[in-house]
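Here is a short report on the sheets of this model, the helices that pack on them and one surface patch. Keep the structure open while reading.

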Amino acid sequence: MNATNTTELMHTLGQQAKAASALMAKASAATKQRALLGLAALLRTNADALQQDNAKDLERARAAGLTEPLVDRLKLTPKVIETCAQGCEQLAAMPEIIGDITGLKQMPSGIRVGQMRVPIGVFGMIYESRPNVTIEAASLSIKSGNAAILRGGSEAIESNRALAALVQRALLEAGLPADAVQLVPTTDRAAVGQLITMPQYVDVIIPRGGKGLIERISAEAKVPVIKHLDGNCHTYVDDPCDVAMAVTVADNAKTQKYSPCNATESLLVARGVAADFLPKIGTIYAAKGVEMRCCPESKAILAQTVRSELVEGQRAPILKDATEADWSEEYLAPVISIKLVDGVDDAIAHINRYSSHHTDAILTTNHVHAQRFLREVDSASVMVNTSTRFADGFEFGLGAEIGISTDKFHARGPVGVEGLTSLKYVVLGEGEVRG
């Protein structure tokens, strides 16, 4: 597709989205609910066909030499499809927030002033790999009364096309405009450049992908951007803590799945519990092939106590010396940095310096330490005694998420329905005039 055709295509999508957004903004809660429940049903009845389309993407990805963690992100397994369907149903069951008026106050003049929650309008979503994002974005767009223009990665084009077709079918069957959710049909990179520079049609851009993609969009966009650059998430094992619980949580936070942005990438351990905790977690990581990049103290303890359970003859780098860059790294792989700290003050200072401000957790039995961690760690999600893997819109009860925001304005943390809305002032009077 040449530049002229790409420009024309994107402007057409923008015009259609703008027109559809006006219809979505006034759609009833019942109509939007019908569309979401219809989409959930379509996902389940078309699961086999979706996996066939997904298989084409997987085959092409492996042939192109994508690493296994990246291939894993592409998979539309039965579990992934069911989670998408459940997300639609969860959104459908949630209370309607569009049109809510809050904070209504009577002023001395007699007028009443409040705020009404309204859709943003049109959002553009640019994402890589995971095709389930197509459903998450579409379902949130429907629930929030917005229109969306979706641009998935070329590596998932077959899956995204199949999913988008189901979305448009659900919209039409519910009496809503199909153009309320449009997938950019081309893999031409110029389409992204057009999408992020159309303020006449697009009200906000939400990128979801690698750091390079998000940096580019943040630099070049002419509309507001909701973003997070990376997920360098920390788990801090405090003194005191329940060591058995800490081992279980630290294992899950790292190894339950390596590719998501909410997986723990850095493990901080209080010196007072290191001798008890590190050998236990180190043995688990070694058995699972997790490479540990350690400070000198943690490496010394692990080297003396960990017994690798790797199969005989397998050579894998388990213990390495951490570099300064490791404290800031998002691995998205079976690699974790490990550092001993003096205690909660040291942990908070380290996290606020090196964290990407995505998600950070403390494992502790000290209530005061937990409260200080919650207040002082400057991240979008801060947790006590649980896995960072819970930093997710579905797990937070948002129905689905369109992404994680580490920005401090408008939306922060998992962005669900509320993050896709705005507030406008409404004023109710009975003929008052200003003197």
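Seven strands make up an open sheet in this predicted model. Their order is β10-β9-β11-β8-β7-β12-β13, and the pairing is parallel. The edges are held by β10 (319–321) and β13 (381–384). Each has a single partner strand, so one side of each is left without a neighbour in the sheet. On average, neighbouring strands of this sheet are turned by 20 degrees against each other, direction ignored.

One pairing can be followed in detail. Strand β9 (residues 291–294) and strand β11 (residues 335–341) run parallel and are joined by four bridges. Arg 293 stands opposite Ser 337 in β11.

Helix α10 (residues 243–255) packs on this sheet. The strands touched by α10 are β7 (233–237), β8 (264–270), β11 and β12 (359–363). Helix α14 (residues 367–376) lies across β7, β12 and β13.

The model also has an open sheet of four strands. Here the order is β5-β4-β3-β6, with parallel pairing. At the edges stand β5 (181–183) and β6 (204–208). Both have a single partner strand, so one side of each lacks a neighbour in the sheet. From one strand to the next, the twist averages 20 degrees.

Which residue of β5 is the bridge partner of Ala 148? It is Val 181. Three bridges join β4 (residues 147–151) to β5, and the two strands run parallel.

Helix α6 (residues 132–144) lies across β3 (122–127), β4, β5 and β6. Helix α9 (residues 211–220) packs on the sheet as well, touching β3 and β6.

The table sets out the helix directions against one strand each.

| Helix | Strand | Angle between directions |
|---|---|---|
| α6 (residues 132–144) | β3 | about 170 degrees |
| α9 (residues 211–220) | β6 | about 165 degrees |
| α10 (residues 243–255) | β8 | about 160 degrees |
| α14 (residues 367–376) | β13 | about 175 degrees |

Now to the surface. Ile 101, Leu 104 and Leu 428 form a nonpolar patch there. Together they have about 230 Å² of accessible area. Leu 428 belongs to strand β16 (residues 421–428).

Is Leu 428 buried, partly exposed or exposed? Its relative accessibility is 33%. Buried means under 20%, and exposed means over 50%. Leu 428 therefore counts as partly exposed.

Key: Residues are numbered from 1 along each chain as its sequence is written. This is a predicted model: local features need pLDDT of at least 70, side-chain atom pairs count only at pLDDT 80 or more; totals for chains, interfaces and linings use all residues. Side-chain values use heavy atoms; hydrogens and water are left out. Patches are made of residues with over 30% relative accessible area and no salt bridge: like charges are joined within 9 Å, nonpolar side chains (Val, Leu, Ile, Met, Phe, Trp, Tyr) within 5 Å. Accessible areas come from the Shrake-Rupley method with a 1.4 Å probe; for residues, only the protein chains shown count as cover. A salt bridge is a side-chain nitrogen of Lys or Arg within 4 Å of a carboxyl oxygen of Asp or Glu. Buried means under 20% relative accessible area, exposed over 50%, partly exposed in between (1.4 Å probe, protein chains only). Two strands pair if DSSP finds at least two bridges between them. Axes are lines fitted to C-alpha atoms, for helices over the stretch in contact, and angles run from 0 to 180 degrees between N-to-C directions. Contact means heavy atoms within 4.5 Å.
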